[in-house]
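Let's take a friendly look at salt bridges and at where their partners sit. Have the sequence and the 3D view at hand as you read.

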Amino acid sequence: MTQHYFENTLVKLHYYKFGEGPQIMLCFHGYGMHGKQFKILETTLGSKYTFFGFDLFFHKETKLTDQSLQAVKKGISKKELAALFADFCRHEGIERFSVIGYSMGTHFATIIVEELAPMVAEYIIAAPSSLNPGALIPFFSKNKTGNKILEKIALSKNALTGMLKLFKKLKFINGDDYKILYNEIGTPELRFNFYACFTYFRFLETDEPRLLQVIEEQNIKSIFIFGKRDKSFPPRIGDKFIAKLKHAEVIILDESHEMIKKSFVTALTKSLL
């Protein structure tokens, strides 16, 4: 595995490259993770794919050129995100690729399919927040009142931890989500990043008709992976959308939200080889 940077006017994008196969897979991790999250696939799929695993915005080594509060509030559009990865592909000489995303990363993978469909061979999303993010994420990201509340809370050390405890008590989030989020707000930088992820990504909403159209028109192989015990994004959230696709594979693992582990590798390898 090697580490690299791709820079343009928007961002200094840090990424990992692993595997040595002829096909390309762009990898988009979940919240609080990093570009190595999918390295677990290298053992079984590294001879088929070369993987590019990105540290997403506000995570690890990737830094926006302007990470001010004003820039975060402006957000990133679908077109801007697609242009970034189109530029990256030109830089790497990539003409065709597959995408894989987990949880938060499914929004990135989905927008790339919507915007760059002719370049996409396979579309794989696990714990797909992009199909249905629930009520809480849109409220704190797109609702002006909700986002202002989040800003005040996130930039206060004690308020954010108190909010998480309240949401757990009210069952807006489950115990697993609480632990994950609590570990991500321990410093002012982490709390800023927490706010930024809600706010900067607010325009990355799935256009279901568009997504359905391009998947069918471009004959993109689509795989949807769920955890049977995932209370955040359970299998039922994909029922209506997936039913509209002529050809789609659904994998349901006996896992909770934290599913990128051996059973995930085994099931996905079986589908791709």
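Which residues are linked in a network of salt bridges? They are Lys73, Lys148 and Glu151. Please keep in mind that this is a predicted model.

Start with Glu151, whose side chain meets that of Lys73 in a salt bridge, 3.1 Å from N to O. Lys73 belongs to helix α2 (residues 69–74) and Glu151 to helix α6 (residues 144–154), so this pair ties together parts that lie 78 residues apart in sequence. Glu151 also forms a salt bridge with Lys148, where the closest N and O atoms are 3.5 Å apart. Here both partners, Glu151 and Lys148, sit in helix α6, 3 residues from each other, or about one turn of the helix.

How buried or exposed is Glu151? Glu151 counts as buried because its relative accessible area, 10%, is under the 20% cut-off. Its two lysine partners are partly exposed: Lys73 has a relative accessible area of 32%, and Lys148 has one of 41%.

Away from this network, you can also find Lys63 and Glu189, whose side chains meet in a salt bridge. This pair links distant parts of the chain, with Lys63 in strand β5 (residues 63–64) and Glu189 in helix α9 (residues 188–200), 126 residues apart. Lys63 is partly exposed, at 35% relative accessibility.

Here are the three pairs side by side:

| Salt bridge | N to O distance |
|---|---|
| Lys73 and Glu151 | 3.1 Å |
| Lys148 and Glu151 | 3.5 Å |
| Lys63 and Glu189 | 3.6 Å |

A search of the whole structure finds 10 salt bridges, these pairs among them.

Technical notes: Residues numbered from 1 in each chain as written. Predicted model: local features only at pLDDT ≥ 70, side-chain atom pairs only at ≥ 80, totals over all residues. Heavy atoms only, no water. Salt bridge = Lys/Arg side-chain N within 4 Å of Asp/Glu carboxyl O. Helix = DSSP H or I, 4+ residues; strand = E, 2+ residues; numbered from the N terminus. Buried < 20%, exposed > 50% of the residue type's maximum accessible area, 1.4 Å probe, protein only.
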